[in-house]
Amino acid sequence: MKRKGKFLILSAVFAVILSVLYVSDYYHASEEAAEYLKDTSSVSVSEIEEGLLIDGPGEDNALIFYPGGKVEYTAYLPLMHKIAEQGTDCFLVRMPANLAFLSVNKADRIKAYGSYRHWYIGGHSLGGIAASMYAAHRDLDGLILLASYPFGSVDEKTLELYGSRDGVLNLRMRSFADRFLPEDAEVELIEGGNHAQFGSYGIQKGDGTADITADEQQNVTARKILEMMNLK
């Protein structure tokens with residue numbers, strides 16, 4: 001019994017160490033992304049308890065955005081800026097251990113900010129899956145999936161974007177999961193785009209080499225999102 005007890009304790013300690021090592025190894029936002037923490041003439045960035053509010057000239061629309069798994073949330077600041085400056089305020093959510101699955105319902109608290117008429121939720125990669133889980137039980141105006149796919153049935157208006165050079169997204173799983181999308185869902189391929197360039201955190205392991213720049217990929221992404229919201 002003593003040996004068994006020691007073994008269980010050592011196993012538990014080992015599991016904790018592995019967990020700590022796993023969550024501490026994540027993709028950091030680039031120095032370029034950090035520059036977007038500064039206010040501009042059209043967009044202001046303010047810290048809230050749940051992350052960041054990227055506030056542009058719009059007053060009616062808001063996008064809640066969940067970051068990809070093990071990606072620092074500020075890596076998506078360049079994309080959020082592009083969206084906010086064109087009329088949709090963005091809430092960039094900080095997740096525990098950089099894993100949106102650990103706080104799927106965090107958007108509930110964010111919806112207490114502002115009196116927006118239209119609320120959208122979106123996410124990148126695993127963050128998109130978590131966003132779809134949230135959307136499945138809420139009344140929202142739309143769901144945005146970047147290099148991602150839904151987890152279960154989706155009723156909201158949906159936009160799904162992925163890059164032709166994506167080496168991380170499981171295309172077989174995406175093809176299977178897309179059967180849960182609404183019939184009018186818009187699914188589009190960004191020619192030359194890859195997985196990581198929806199954010200700004202460098203090269204992701206296993207990803208393909210993009211044929212377009214991150215700025216170009218994010219410009220296309222922002223335009224498609226705004227078109228979905230009828231703002232373009």
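## Exercises on a predicted fold

In this predicted model, the charged end of R174 sits over the ring of Y162, 4.2 Å from the ring centre. With that contact as a warm-up, here are five exercises to work through with the structure open.

### Exercise 1: Lay out the sheet

Find the order of the strands in the open sheet, then name the edge strands.

*Solution.* Start with the order: the 8 strands run β1-β2-β4-β3-β5-β6-β7-β8, and their pairing is mixed. Next, look for strands that pair on one side only; these are the edge strands, β1 (44-48) and β8 (186-190). Going from one strand to the next, the twist averages 20°. Now take a closer look at one end of the sheet. Strand β7 (residues 158-163) runs parallel to β8, and 5 bridges join the two. As a landmark there, G163 stands opposite I190 in β8.

### Exercise 2: Place two helices on the sheet

Determine which strands α5 and α7 touch, and how each helix is directed.

*Solution.* Begin with α5 (residues 126-135), which packs on the sheet and touches β3 (61-66), β5 (118-124) and β6 (142-146). The direction of α5 makes about 145° with that of β5. Then turn to α7 (residues 214-228), which also packs on the sheet, touching β4 (88-93), β5, β6, β7 and β8. For α7, the angle with the direction of β7 is about 165°.

### Exercise 3: Check the length and burial of α7

Compare the expected span of α7 with the model, then list the buried residues of this helix.

*Solution.* First the length: the 15 residues of α7, at 1.5 Å a residue, should span 21 Å, because the expected span is 1.5 Å times one less than the number of residues. The end C-alpha atoms of α7 are 21 Å apart, which agrees. Next the burial: Q217, Q218, T221, A222, K224, I225, L226 and M228 are buried. To read such a list, remember that an α-helix has 3.6 residues a turn, so residues three or four places apart point the same way. The cover over the buried residues of α7 includes α3, β4, β5, β6, β7 and β8. Just after the helix, N230 takes a positive phi of about 60°.

As for α3 (residues 77-84), 8 of its 8 residues are buried.

### Exercise 4: Classify a lysine

Is K224 buried or exposed?

*Solution.* Locate K224 in helix α7. Its relative accessibility is 14%, and buried means under 20%, so K224 counts as buried. To see its surroundings, set aside neighbours within four places in sequence; K224 is then in contact with L159, L161, E186 and E188.

### Exercise 5: Follow the aromatic rings

Describe how F91, Y116 and W119 are paired.

*Solution.* A pair of aromatic rings is described by the distance of the centres and the angle of the planes. The whole structure has 8 aromatic pairs. F91 and Y116 make an edge-to-face pair, 6.1 Å centre to centre with 90° between the planes. F91 lies in strand β4 and Y116 in the loop between α4 (107-110) and β5, so this pair ties together parts that are 25 residues apart in sequence. Now step on from Y116: its pair with W119 is edge-to-face, at 5.2 Å centre to centre and 80° between the planes. Finish with burial. F91 is buried at a relative accessible area of 1%, Y116 is buried at 14%, and W119 is buried at 8%. Elsewhere, Y27, F65, Y76 and Y201 form one aromatic cluster.

Conventions
Residues numbered from 1 in each chain as written. Predicted model: local features only at pLDDT ≥ 70, side-chain atom pairs only at ≥ 80, totals over all residues. Heavy atoms only, no water. Buried < 20%, exposed > 50% of the residue type's maximum accessible area, 1.4 Å probe, protein only. Helix = DSSP H or I, 4+ residues; strand = E, 2+ residues; numbered from the N terminus. Pairing = 2+ DSSP bridges. Axes fitted to C-alpha atoms, helices over the stretch in contact; angles between N-to-C directions. Contact = heavy atoms within 4.5 Å. Phe/Tyr/Trp six-rings, centres within 6.5 Å; stacked < 30°, edge-to-face > 60°. Lys NZ or Arg CZ within 6 Å of the ring centre and 35° of its normal.
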